[in-house]
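Here's a quick tour of a two-chain model. Have the sequence and the coordinates open while you read.

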Amino acid sequence: MPNIQILLSAEVLNIQSCIDWIMSPESGGIDVFIGTVRNATKGKTVFKLDFEAYEPMAISEMEKIAKQALEKWPVQKVLIHHRTGTLQIGEVPVIIAVSAAHRDAAFDACRYVIDTLKQTVPIWKKEAFEDGDVWVAAHP
Amino acid sequence: MKINVLAFGVAKEIFGTSQVSLELTNDATIYNLKYLLEQQYPRLKQLASYMVAVNNEYALPGDTIHERDEIAIIPPVSGG
């Protein structure tokens, strides 16, 4: 679809190219969410994150979320880029970008996309701590 | 029928490999598959939850598995 762009990549994500793609003459504003690797979880120092994806399903689930956002809100374009592999502190694992004529729809759709991605897209992160590695959310 | 099951994240560590082969009856469901896997890999039951995907779509417990379906174990996701 010309108004959806999905990328799952082992390469560094390019924030500027996401912004360039999402902007359009019809847009009154764009909303961009950039996820970054945090240096601690619940007070414990994190050294790096490893992201693994079930690639074909992750792409199809991201496409579904983008289509849902276009159906639920009057937004013009939706972009989802996600990294795989090892990321250091401060690196960018995810970029969500949405353009719309008015800001309410852009904010709401952007939040929906990142919240839903975290619930349904088959991507997993492993946090590396001093005393070992832990798959996030795996155990109660 | 013989089926292959892909594993990701913590499930890959529980299986000790990224793919396992299983023998199922021809009318087996997702429920049957989960039961069999939990017998062979009891640590699966310690997960917060896990889903099964068939041909890149989340499946329900009553869904039937067919030969050559692509089956994957989806532990709790944590992207973003």
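What follows covers the contact between the chains, then the sheet in each of them.

Keep in mind that this is a predicted model.

**The interface**

Let's start where the chains meet. Chain A brings 29 residues to the contact and chain B brings 23 residues. Together they bury about 2,100 Å², with 55% of that on carbon and sulfur atoms. If you want the big contributors on the chain A side, look at Tyr54(A), Met57(A) and Trp124(A): they supply 30% of the area that chain A buries against chain B, more than any other three residues.

How many salt bridges link chain A and chain B? The count is three. One to pull up on screen is Lys126(A) with Glu13(B), where the closest N and O atoms are 3.7 Å apart. There are also 16 residue pairs in polar contact across the interface, both residues being at pLDDT 80 or more.

As for where the chain A side comes from, β4 (44–53), α2 (55–72), α3 (103–120) and β8 (123–129) of chain A each put in at least two residues. Sorted by class, that side has 18 nonpolar, five polar and six charged residues.

**The sheet in chain A**

Chain A has an open sheet of four strands, in the order β1-β5-β7-β2, with mixed pairing. β1 (4–9) and β2 (29–35) of chain A have a single partner strand each, so one side of each is left without a neighbour in the sheet. On average, neighbouring strands here are turned by 5 degrees against each other, direction ignored.

Inside the sheet, β5 (residues 75–83) and β7 (residues 94–100) of chain A are antiparallel partners joined over seven bridges. His82(A), for example, sits opposite Val94(A) in β7(A).

**The sheet in chain B**

Chain B has an open sheet of five strands, ordered β2-β1-β5-β3-β4, and its pairing is mixed. Its edge strands are β2 (19–23) and β4 (57–58) of chain B, each pairing on one side only. β1 (residues 2–7) and β5 (residues 71–74) of chain B run parallel, joined by three bridges. Leu6(B) has Ala72(B) in β5(B) as its bridge partner.

**Helices on the sheets**

Here's how the helices lie on these strands.

| Helix | Strands it touches or lies across | Angle |
|---|---|---|
| α2(A) | β1 and β5 of chain A | about 155 degrees with β1(A) |
| α3(A) | β2, β5 and β7 of chain A | about 150 degrees to β7(A) |
| α2 (residues 30–40) of chain B | β1, β2, β3 (51–54) and β5 of chain B | about 110 degrees with β2(B) |

Technical notes
Residues are numbered from 1 along each chain as its sequence is written. Chains are lettered from A and ligands numbered from 1 in the order in which they are written. This is a predicted model: local features need pLDDT of at least 70, side-chain atom pairs count only at pLDDT 80 or more; totals for chains, interfaces and linings use all residues. Side-chain values use heavy atoms; hydrogens and water are left out. Contact means heavy atoms within 4.5 Å. Buried area is the accessible area (1.4 Å probe) that two parts lose on being put together, summed over both. A salt bridge is a side-chain nitrogen of Lys or Arg within 4 Å of a carboxyl oxygen of Asp or Glu. A polar contact is a pair of N or O atoms within 3.5 Å; within protein, one must be able to donate a hydrogen and the other to accept it, and residues adjacent in sequence count only if both atoms are side-chain atoms. Ala, Val, Leu, Ile, Met, Phe, Trp, Tyr, Cys and Pro count as nonpolar, Asp, Glu, Lys and Arg as charged, and the others, Gly among them, as polar. Two strands pair if DSSP finds at least two bridges between them. Axes are lines fitted to C-alpha atoms, for helices over the stretch in contact, and angles run from 0 to 180 degrees between N-to-C directions.
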